[in-house]
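Reader: I would enjoy a close look at a single part of this model, please. Pick one loop residue and its surroundings, and then show me how the rest of the chain is put together.

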Amino acid sequence: MESNKRRTIEKVPDKICQYGSDCYRKNPAHFKEFSHPHLESILVEAPAKDKYRIPDELFMSREVVGEQLKILAQIYPDLLNNNRPPTKHSKNDTKLDSQPSSTSGSSPKVASSQPGSVSTANSDAKSISSSSSKKSPPKGNAVADLFAERRAKMAKIREEQKKTEPQPSTSSSQAQKKPDPPKETGISLKKVIPRNIHDYYPVVAPKGQMAKKLADAAPYNYFLTTITDAKVTHSEPLSVTFQELLDGSLGELECSVQMNFMVDIGWLLGHYFFAGYEDRPLLILYGDETPELKMVSSKKPNVTAVKVNISTPFGVHHTKMGLYGYTDGSMRVVVSTANLYEDDWHNRTQGLWVSPRLPAVPEDADTGFGESKTGFRESLITYLNSYKIGHLQQWVTRVQKSDFSQVNVFLVASVPGGHLNTPKGPLWGHPRLGYLLGKHSAPVDDTCPLVAQSSSIGSLGPTPQSWVLSEIMASFRRDSAPIGLRRVPAFKMIFPSFSNVRNSHDHLLGGGCLPYMKATNDKQQWLKDYLHQWKSDSRNRTKAVPHIKTYCRWSHRGLYWFLLTSANLSKAAWGVYNKSAKFEAPLRINSYEAGVLFLPKFVIEENFFPMESKPDQQHPTFPMPYDVPIIPYAPEDTPFFMDYLRG
């Protein structure tokens with residue numbers, strides 16, 4: 001009875017977070033999926049809201065616990081009413097990785113995934129060692145447990161899709177069919193997961209076809225990720241899964257690097273396992289610290305995980321790039337907008353540029369051999385060297401010895417620090433983009449707007465002229481026309497409205513990838529006049545919330561240029577000039593970012609990319625991620641704020 005009351009009145013989940021009091025999560029969706037007895041007990045015993053007695057023995061800092069308690073109090077206000085005894089889990093169970101003892105009845109609904117969360121059902125309990133119900137799980141089993149939970153989650157999703165079939169029984173005869181739990185403390189993927197990728201990932205593309213798909217995508221090599229709930233995207237020629245980046249048709253993987261902000265190591269290693277590369281050297285540079293990433297290097301010798309530290313608290317390692325080395329000496333570069341965890345590859349619109357295969361240069365070639373017309377190789381080496389991380393040196397050497405001559409895009413990146421111009425022009429941020437446009441872009445009519453589209457918006461200043469129409473537009477408006485008096489182009493911003501997110505595949509939870517706060521918006525009310533809806537009927541992604549970031553300019557003649565990047569519209573990502581400097585104003589950038597710039601001159605040897613299909617068209621239409629023309633906000637529209645998920 002107590003268990004039923006708890007579910008119906010307070011809806012506190014029965015599944016306990018496997019990290020117990022070590023949990024650092026602050027995502028509301030995570031607390032809707034997992035119980036945290038140590039936090040729930042504090043709320044129950046609190047004399048009033050915001051008056052919490054936090055035990056000194058908690059591992060996490062009081063600040064983090066305080067923020068978690070505020071989230072829990074919003075989600076489960078009944079916990080503060082003292083209308084029931086404390087949760088059935090004792091304080092001594094705060095590190096349990098077990099499930100409720102009851103195995104009968106229907107399982108609670110699996111919530112829509114959110115960053116950092118792992119959805120499971122009650123019946124998933126059998127995939128984890130029964131001994132964990134009595135003591136804390138060994139630290140070495142953390143990644144293995146993630147695989148076990150993923151297997152159970154995917155099984156549950158398949159069950160829910162079979163609406164006409166009854167819920168599967170949890171009888172002992174069926175429990176015997178489940179895989180044995182891992183017995184050792186190390187991470188031995190072969191003993192944890194069976195070779196059935198469908199148990200782990202909702203969209204699985206046929207093997208051996210990625211090389212052809214990439215060849216057919218030329219000359220742009222630009223894809224969007226598949227959308228789980230839009231089945232039409234599963235077979236689109238310009239839609240890909242992460243698994244396809246490891247497809248054997250692209251080459252036999254020898255080693256790789258994954259640079260990203262957020263990394264779910266269980267999700268990532270699962271992909272490598274199913275591709276047959278679980279023991280190949282893998283270097284991970286990440287920005288967001290998790291317990292799994294901290295321990296994986298000691299438990300999986302072939303994996304080296306390095307946190308990229310940034311001196312300023314306002315910057316993050318936001319780059320999303322992969323380097324893939326093959327056994328024949330060749331390599332490949334992938335620049336993406338997606339984090340390496342399930343949600344970003346589920347129902348969100350993401351973009352990827354996949355380089356052609358880059359063969360090794362002849363041993364007797366000079367140092368300049370194999371550079372692209374865009375200077376991509378030199379730019380990539382400069383970017384990798386900026387990390388000052390010894391693990392990357394072998395990759396710098398490999399890049400230098402690879403033939404990039406077939407690459408037709410420019411690398412546009414950002415690196416934290418204060419930067420001045422160099423003899424080769426500015427290297428980073430918005431001045432880098434402006435320099436490339438001024439040197440190579442065809443003349444652009446001033447009536448053509450700059451269209452920015454991102455998944456977050458920074459603090460842009462009290463007026464449009466504070467930064468957007470001054471610094472940003474000074475760079476983004478440039479072209480190769482002679483310098484003269486010209487008017488400032490119009491600025492347009494695509495950012496999902498509240499109605500966009502409400503009508504998405506994941507409803508309001510789909511806005512979990514849009515960290516724009518109402519407090520920030522209140523300081524820049526002028527932005528409303530520039531905002532446009534997210535609409536992508538042509539790519540079957542109107543209901544897939546965009547985490548992709550793009551910037552471009554077009555007219556009725558065609559697309560002048562297009563930038564796919566990890567950089568949101570923010571000063572931290574693009575940089576801001578220090579106008580108080582006595583001499584040359586240095587550019588201050590806080591974050592690592594990376595993107596690729598498509599210029600028609602280098603891709604199709606024309607002044608414009610075609611945006612519409614026409615008879616006898618020589619070049620393929622550029623695959624825009626959203627519909628053109630774009631639609632302004634209606635007077636009643638408002639941007640989606642992260643606050644909607646907290647209140």
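Author: Happily: here is one acidic residue, followed by the helix, the distant segment and the rings that fill out the picture.

A word on the ground rules: this is a predicted model, where local features need pLDDT of at least 70 and side-chain atom pairs count only at pLDDT 80 or more, while totals for chains, interfaces and linings use all residues. Residues are numbered from 1 along each chain as its sequence is written, and side-chain values use heavy atoms, with hydrogens and water left out.

Our residue is Asp403, found in the loop that runs from helix 12 (393-400) to strand 10 (410-414). Helices (H or I, at least four residues) and strands (E, at least two) are DSSP runs numbered from the N terminus. Asp403 is buried and yet lacks a salt bridge, with Arg377, the nearest side chain of opposite charge, 6.0 Å away. Buried means under 20% relative accessible area, exposed over 50% and partly exposed in between, using a 1.4 Å probe and protein chains only. For charge, Lys and Arg count as positive, Asp and Glu as negative, and His and the chain ends are not counted. A salt bridge needs a side-chain nitrogen of Lys or Arg within 4 Å of a carboxyl oxygen of Asp or Glu.

What Asp403 does have is a side-chain polar contact with Ser405 at 2.7 Å. That term covers N or O atoms within 3.5 Å; within protein, one must be able to donate a hydrogen and the other to accept it, and residues adjacent in sequence count only if both atoms are side-chain atoms. Beyond its neighbours within four places in sequence, Asp403 is in contact (heavy atoms within 4.5 Å) with Leu358, Pro359, Val361, Phe369 and Gly370.

Arg377 leads us to helix 11 (residues 376-386), which is largely enclosed by the rest of the structure because 8 of its 11 residues are buried. Arg377 is one of those buried residues, along with others including Phe376, Leu380, Ile381 and Tyr383. Just past the end of helix 11, Lys388 adopts a positive phi of about 55 degrees.

Now for the segment after helix 18, which holds Ile604. The C-alpha atoms of Ile604 and Asn408 are 9.0 Å apart, although 196 residues separate them along the chain. Ile604 counts as buried, at 5% relative accessibility. Not counting residues up to four places away in sequence, Ile604 touches Pro219, Tyr220, Phe609, Pro610 and His619.

The structure also holds 39 aromatic pairs. One of them is stacked: Phe498 and Phe640, 6.5 Å centre to centre with 15 degrees between the planes. This pair links parts of the chain 142 residues apart, with Phe498 in helix 15 (residues 498-502) and Phe640 in the segment after helix 18 (600-603). Rings of Phe, Tyr and Trp (its six-membered ring) pair if their centres lie within 6.5 Å; planes under 30 degrees apart are stacked, over 60 edge-to-face and the rest tilted.

For the chain as a whole, there are 18 helices and 20 strands, and 58% of the 647 residues count as buried.
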